[in-house]
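This report describes a single protein structure for a reader who is new to the subject. Please look over the sequence and the model before reading on.

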Amino acid sequence: MGDQIQFIVAKLNQEPFRKSYNLISFDSLESLQLLQLLSDVLGEIDPKHAVDIREELPEQTAKRMLHLLGILKYKPPGPVSDLSAFRQGLVTGSKSVIHPVLHWLLQRPNELKKRAYLARFLVRLEVPAEFLQDDTVADFNKQYEELMEAFKNLHKEHEQLKISGLSTAEIRRDISAMEEEKDQLAKRVEHLKKRVETVQNHQRTLEIARQLRLEKEREESLAQQKQEQKSQLFHAEQRLQRARVQLKEMQHVVADSKPESLMKKLEEEINFNSYLVTEKMPREVESKKTSVYFLQKVAAEPAVTPADFPALESEINETNAQINQLIEKRMMKYEPADSKFSMYRQQASIISRKKEAKAEELQVAKEEMSSLERQVEQKSSQAQELEGSEVLTEDE
């Protein structure tokens with residue numbers, strides 16, 4: 001611990017912090033001063049964190065620092081179960097928490113600066129799946145991912161260029177070669193000026209040449225604008241086509257539907273969703289909880305070796321035999337032969353399984369129908385782009 005504090009004090013007394021601490025003055029810092037010192041070090045790594053903690057609530061300060069430390073991949077010393085204690089120590093400005101953080105940060109400032117800089121561009125924004133169903137959001141998300149990949153490649157090239165680096169002699173040779181080219185171009189321009197001055201009405205010719213160059217530049221700009229407007233028109237036509245398809249589908253549904261059929265359809269939908277919420281989903285949740293419990297129990301057990309297999313198999317066989325005996329006793333005690341409850345229970349179980357299987361089939365069919373509708377919409381849009389006219393619907 002003494003070596004750790006000596007290292008922290010030595011680093012803080014150097015650039016860019018320029019503190020004037022010694023071991024005694026550093027150790028006597030209060031919790032608020034320690035927190036401000038930690039915030040200053042984090043602000044040197046990421047300028048966004050160079051703030052006065054007196055202007056923040058303690059929870060905001062802890063949340064901000066924890067977020068940056070998570071990006072920098074700092075792991076608190078001790079077991080993972082002490083994360084709550086680490087957070088509490090960060091809020092209260094505990095020396096046992098802040099000193100190791102300062103020691104870790106001051107050991108690798110350049111590496112952490114690079115990591116914080118890259119995190120601004122490479123920490124992916126998670127878009128919910130339901131939002132990605134919208135084509136515009138999906139397009140923007142795709143562009144976002146492409147730009148992120150492009151940034152990664154450019155950063156790698158930049159790092160390679162920094163590592164390789166051109167020598168001073170090579171740079172000087174390049175500068176000399178460019179100066180020679182500049183002199184040659186200047187001589188050539190002077191020679192061309194002399195030739196032009198011998199031409200009749202050379203000023204008028206130069207003016208016409210200048211206007212021609214301007215018009216060519218304007219033509220290139222207009223061609224670029226035309227291309228951009230074509231692209232915008234294409235996307236607008238796609239959106240219009242999708243809107244028309246949706247409108248026709250809605251009109252078709254409204255035209256062919258009566259209030260009674262709509263109410264019946266809604267009732268079926270409500271019954272299906274109620275069954276999912278009240279029966280199917282709770283059973284699945286309980287099943288998953290049971291599986292997780294047994295998996296956790298198995299994970300907590302010591303490792304099993306091949307020598308343990310015979311004993312485990314024997315234990316399993318004995319347990320199965322006991323279960324069978326208990327089942328027989330229960331059947332003899334609670335379900336006599338002349339009782340009809342057993343038959344009813346079996347029928348109810350069969351019906352319940354059939355109902356659950358049909359619910360699964362219905363859910364799969366709905367997902368498949370949604371996927372097919374999206375494919376139909378895409379094919380219609382592609383057909384319209386190729387043919388130049390709208391595809392006829394089934395009614396038409």
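The report begins with the overall fold and then turns to the core, the enclosed and open spaces, one buried lysine and some backbone details.

**Overall fold**

The structure is a predicted model. The protein contains 13 helices and zero strands, and its pattern along the sequence is therefore helical throughout: α-α-α-α-α-α-α-α-α-α-α-α-α. Of its 396 residues, 15% are buried. Among contacts with a separation of 6 or more, 61% join residues 24 or more positions apart.

**The nonpolar core**

In soluble globular proteins, nonpolar side chains tend to be buried together. The largest nonpolar core here has 31 residues, of which Leu12, Phe26, Leu38, Leu72, Leu102 and Leu105 touch the most other members. Two or more residues of this core come from each of α1 (2-12), α3, α4 (58-71), α5 (83-92), α6 and α7. Leu72 illustrates how such a residue is surrounded: apart from neighbours within four places in sequence, Leu72 is in contact with Ile45, Trp104, Leu105, Leu112, Arg115 and Ala116.

**Enclosed and open spaces**

Rolling a probe the size of a water molecule over the atoms shows where empty space is left. The protein has one cavity of 30 Å³ or more, and the largest cavity has a volume of about 40 Å³. Its lining consists of Phe17, Val41, Glu44, Ile45, Leu105, Leu106, Pro109 and Lys113. Two or more lining residues are given by each of α3 (31-45), α6 (95-107) and α7 (109-122), and α3 gives the most, with three residues. Leu105 appears in this lining and is also a member of the largest nonpolar core.

The second largest pocket holds about 620 Å³ of space. Its lining has 20 residues, and those closest to the centre are Asp135, Thr136, Asp139, Gln238 and Arg242. The helices α8 (135-164), α10 (202-255) and α13 (341-387) each supply at least two residues of this lining.

The table sets out the two linings by residue class.

| Space | Volume | Nonpolar residues | Polar residues | Charged residues |
|---|---|---|---|---|
| Largest cavity | about 40 Å³ | six | no | two |
| Second largest pocket | about 620 Å³ | three | nine | eight |

**A buried lysine**

Is Lys280 buried or exposed? Lys280 counts as buried because its relative accessibility is 3%, and the cut-off for buried is under 20%. Lys280 lies in helix α11 (residues 259-300). Leaving out residues up to four places away in sequence, Lys280 touches Tyr275, Ala359, Glu360 and Gln363. With one of these, Glu360, the side chain of Lys280 forms a polar contact of 2.5 Å between side chains.

**Backbone details**

Most residues other than glycine have a negative phi, and most peptide bonds are trans. Against this background, a few places in the model deserve attention. The peptide bond from Glu15 to Pro16 is cis, with omega near 0°, and Pro16 is found in the loop between α1 and α2 (23-27).

Arg18 also lies in the loop between α1 and α2, and its phi is positive, near 55°. Arg18 counts as exposed because its relative accessibility is 61%. Lys73, which is not a glycine, has a positive phi of about 65°. Lys73 is found in the loop between α4 and α5 and is exposed, with a relative accessible area of 62%.

Definitions and conventions:
Residues are numbered from 1 along each chain as its sequence is written. This is a predicted model: local features need pLDDT of at least 70, side-chain atom pairs count only at pLDDT 80 or more; totals for chains, interfaces and linings use all residues. Side-chain values use heavy atoms; hydrogens and water are left out. Helices (H or I, at least four residues) and strands (E, at least two) are DSSP runs, numbered from the N terminus. Buried means under 20% relative accessible area, exposed over 50%, partly exposed in between (1.4 Å probe, protein chains only). A polar contact is a pair of N or O atoms within 3.5 Å; within protein, one must be able to donate a hydrogen and the other to accept it, and residues adjacent in sequence count only if both atoms are side-chain atoms. Contact means heavy atoms within 4.5 Å. On a 1 Å grid over the protein atoms alone, a cavity is a set of points where a 1.4 Å probe fits but cannot get out, and a pocket is an open set with protein on both sides within 12 Å along at least five of seven lines; lining residues have an atom within 4 Å of a point. Grid points are joined across faces, edges and corners, and a volume is the space filled by probe spheres set on the points. Ala, Val, Leu, Ile, Met, Phe, Trp, Tyr, Cys and Pro count as nonpolar, Asp, Glu, Lys and Arg as charged, and the others, Gly among them, as polar. A nonpolar core is a set of buried Ala, Val, Leu, Ile, Met, Phe, Trp, Tyr and Cys residues joined through side-chain atoms within 4.5 Å.
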